[in-house]
Amino acid sequence: MNVKAYLKIKVINEKGKCIYYRRYRSRSFVANFINIAFTNLSNQIVTFVFTDGSTGYTGHGYTMQAADSSNDDNYGIQIGTGTTAPAITDYRLTSLIPNGTSAGQMQYGAVTVMSPVINTTNNTGYITVTRAFTNNSGGSITVSEVGLVVQYNYKYVLIIHDLLPTPITVPNGSTLSIAYEIQIAT
């Protein structure tokens, strides 16, 4: 079985016009992703590094949740300004753009996790996780990194961290939409 992820990015200006669209292959699942799989498949406890830098043990039986409400930057899809290449040991974005309307902040929309799509004809399936970010900071903001953080055992755990091939400038009044599409194929 193949597991792949794609990152879809779109910027819509204040007039509703799409001014940017790209689709990238995500290449940066991090160690916490495989740790969650291991602990749930093996019924064993494993050590995680949470987004606040603390470590802890957690075992099986917990759900991995990415769906989040608006105005919350703790988990779900996150954006940042960091330029450091992702490493398998990453546990948070290098430089998170926080939720808000002040300089350097963007308003985080709710996270939606779409129902799985299964195609029995070509033996593939996928789920899509989406979030919109609105720039009402009064100035342009450049986004260079994206990640997916899940809530797991009441803690926040980074599972994907991507550095964008080209940073994206989001003008004031514009909305940045990001989707992670996680695919499987047999």
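N119 stands opposite T124 of strand 10 in this predicted model. The two residues belong to a pairing in which strand 9 (residues 117-119) runs antiparallel to strand 10, joined by three bridges. Strand 9 and strand 10 form a hairpin with four residues between them. In that turn, N123 has a positive phi of about 55°.

**Partners of strand 10**

Strand 10 covers residues 124-134. Besides strand 9, other strands pair with strand 10. Strand 7 (residues 107-108) does so in the antiparallel sense over two bridges, and Q107 has T134 of strand 10 as its bridge partner. Strand 8 (residues 112-113) is also antiparallel to strand 10, again over two bridges; here V113 stands opposite V129. Strand 13 pairs with strand 10 over eleven bridges, in the antiparallel sense. Within that pairing, T130 of strand 10 has A179 in strand 13 as its bridge partner.

| Strand pair | Bridges | Sense |
|---|---|---|
| Strand 7 and strand 10 | two bridges | antiparallel |
| Strand 8 and strand 10 | two bridges | antiparallel |
| Strand 9 and strand 10 | three bridges | antiparallel |
| Strand 10 and strand 13 | eleven bridges | antiparallel |

**Salt bridges**

The count of salt bridges in the model is two. Side chains of opposite charge can pair when their charged atoms come close.

One of the two involves strand 10: the side chains of R131 and D68 meet at 3.3 Å, N to O. R131 lies in strand 10, whereas D68 is in the loop between strand 5 and strand 6, and 63 residues separate them. Both R131 and D68 are buried.

E181 and K8 also form a salt bridge, with the closest N and O atoms 3.1 Å apart. E181 is in strand 13 (residues 175-185) and K8 in strand 1 (residues 2-12), so this pair ties together parts that are 173 residues apart in sequence. How exposed are the two partners? E181 has a relative accessible area of 9% and is buried. K8, with a relative accessible area of 26%, is partly exposed.

**Aromatic pairs and charges over rings**

The structure holds five aromatic pairs. Among them is F48 with Y152, a tilted pair at 5.5 Å centre to centre and 50° between the planes. F48 lies in strand 3 (residues 46-49) and Y152 in strand 11 (residues 141-152), so the contact ties together parts that are 104 residues apart in sequence. Both F48 and Y152 are buried.

Another of the pairs, Y75 with Y156, is stacked, with 5.3 Å centre to centre and 20° between the planes. Y75 is in the loop between strand 5 (64-65) and strand 6 (76-80), and Y156 is in strand 12 (residues 155-170), 81 residues apart. Y75 counts as buried because its relative accessibility is 7%, under the 20% limit. Y156, at 24% relative accessibility, counts as partly exposed.

F48 and Y152 also join F50 in one aromatic cluster.

Arginine side chains lie over two tyrosine rings. The charged end of R22 sits over the ring of Y20, 4.7 Å from its centre. R23 lies over the face of Y6, at 3.9 Å from the ring centre.

**Nonpolar core**

In soluble globular proteins, nonpolar side chains tend to be buried together. The largest nonpolar core in this model has 35 residues, of which I9, I79, M106, L148, L176 and I178 touch the most other members. Strand 1, strand 2 (18-26), strand 3, strand 6, strand 10, strand 11, strand 12 and strand 13 each give two or more residues to this core.

Which residues does L148 contact beyond its neighbours within four places in sequence? They are A66, G76, I77, V129, V157, L158, I159, I160, Y180 and I182. V129 in this list is also the residue of strand 10 that stands opposite V113.

**Asparagines with positive phi**

Most residues other than glycine have a negative phi. N43 has a positive phi of about 65° although it is not a glycine, and lies in the loop between helix 1 (31-42) and strand 3. N153 likewise has a positive phi, near 55°. N153 is found in the loop between strand 11 and strand 12. At 21% relative accessibility, N153 counts as partly exposed.

Technical notes. Residues are numbered from 1 along each chain as its sequence is written. This is a predicted model: local features need pLDDT of at least 70, side-chain atom pairs count only at pLDDT 80 or more; totals for chains, interfaces and linings use all residues. Side-chain values use heavy atoms; hydrogens and water are left out. Rings of Phe, Tyr and Trp (its six-membered ring) pair if their centres lie within 6.5 Å; planes under 30 degrees apart count as stacked, over 60 as edge-to-face and the rest as tilted. Buried means under 20% relative accessible area, exposed over 50%, partly exposed in between (1.4 Å probe, protein chains only). A charge sits over a ring if NZ of Lys or CZ of Arg is within 6 Å of the ring centre and within 35 degrees of the ring normal. A salt bridge is a side-chain nitrogen of Lys or Arg within 4 Å of a carboxyl oxygen of Asp or Glu. Two strands pair if DSSP finds at least two bridges between them. A nonpolar core is a set of buried Ala, Val, Leu, Ile, Met, Phe, Trp, Tyr and Cys residues joined through side-chain atoms within 4.5 Å. Contact means heavy atoms within 4.5 Å.
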